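Here is a quick tour of one model, helix by helix and then into the core. Keep the viewer open and follow along.

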Amino acid sequence: MLEIQNSGRRLTMQDLTSLEEELSLVLPDSYRAFLLKHNGGRPVPEAFPIRGMKDNPVGSIHSFLGVDQRIESNNLMWTHQTLKHRLPPNLLAVAYTDTGDSICISLFGKDKGAVVLWDIQNEPQVPSYANVYFVADDFQTFLDTIHPYEG
């Protein structure tokens, strides 16, 4: 069973509405529900499958991003501002791995709603899907696939 430790303050619907307005986007319902319940934090367990990444088929989540987090790099808004010109425009980083990769949700396009891994170690000069790997069809499915690391 997934447990989220060190979550941020409890969010309200107004907090999410303000966040969406500030980001100029609409968050998927399952991700909105996650933020309302947890607002970031560290998952236990932390492993998740990555499809198509031959050298590393299992990732490890370091933290989910949240709103108004004490640590700047755990903030959804700060991370969005930092990565928005490096990620494909449809991707929103919602978590990061132990190796610094970003776990993202596709907000529009043919893979709308999908959760993907953006591999920072193989970042192309121009944002593309060259370093993006499929993780799950949607955020709830992603949460359901998190399991203990078997290494």
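Exposed here stands for a relative accessible area over 50%, and buried for one under 20%. Keep in mind that this is a predicted model.

## Two faces of H2

Start with helix H2, residues 29-37. Its buried residues are Tyr 31, Arg 32, Phe 34 and Leu 35. These sit on the same side of H2, because the arc they cover around the axis is only 160°. Flip to the other side of H2 and you find Asp 29 and Lys 37, both exposed.

Just after the helix comes Asn 39, with a positive phi near 50°.

## H1 does it too

Which residues of H1 are buried? They are Asp 15, Leu 16, Leu 19, Glu 20 and Leu 23, so there are acidic names on that list as well as leucines. Their arc around the axis is only 130°, which puts them on the same side of H1. Among what covers these buried residues are H2 and H3. The other side of H1 has Gln 14, Glu 21 and Glu 22 as exposed residues.

## Into the core

The largest nonpolar core has 43 residues, and those touching the most other members are Tyr 31, Phe 48, Phe 64, Ile 103, Phe 139 and Phe 142. Strand E5, residues 91-97, is the top contributor, giving 6 residues to this core. Tyr 31 also ties back to the H2 story, as one of the buried residues of that helix.

What does Phe 64 contact beyond its neighbours within four places in sequence? The list runs through Ile 4, Phe 34, Gly 40, Gly 41, Pro 43, Asn 74, Val 94, Ala 95, Phe 139, Phe 142, Leu 143 and Ile 146. Phe 34 there is another of the buried residues of H2.

## Backbone oddities

Most residues other than glycine have a negative phi, and most peptide bonds are trans. With that in mind, a few spots deserve a look.

Ser 24 is not a glycine, yet its phi is positive at about 60°. You will find Ser 24 in the loop between helix H1 (13-23) and H2, and it is exposed, with a relative accessible area of 67%. Asp 68 also has a positive phi, near 55°. Its place is the loop between strand E4 (58-64) and helix H3 (76-83), and at 54% relative accessibility Asp 68 counts as exposed.

Finally, the peptide bond from Val 44 to Pro 45 is cis, with omega near 0°. Pro 45 lies in the loop between strand E2 (42-44) and strand E3 (47-49).

Definitions and conventions. Residues numbered from 1 in each chain as written. Predicted model: local features only at pLDDT ≥ 70, side-chain atom pairs only at ≥ 80, totals over all residues. Heavy atoms only, no water. Core = buried A, V, L, I, M, F, W, Y, C linked by side-chain atoms within 4.5 Å. Buried < 20%, exposed > 50% of the residue type's maximum accessible area, 1.4 Å probe, protein only. Helix = DSSP H or I, 4+ residues; strand = E, 2+ residues; numbered from the N terminus. Contact = heavy atoms within 4.5 Å. Arc of directions from axis to C-beta.
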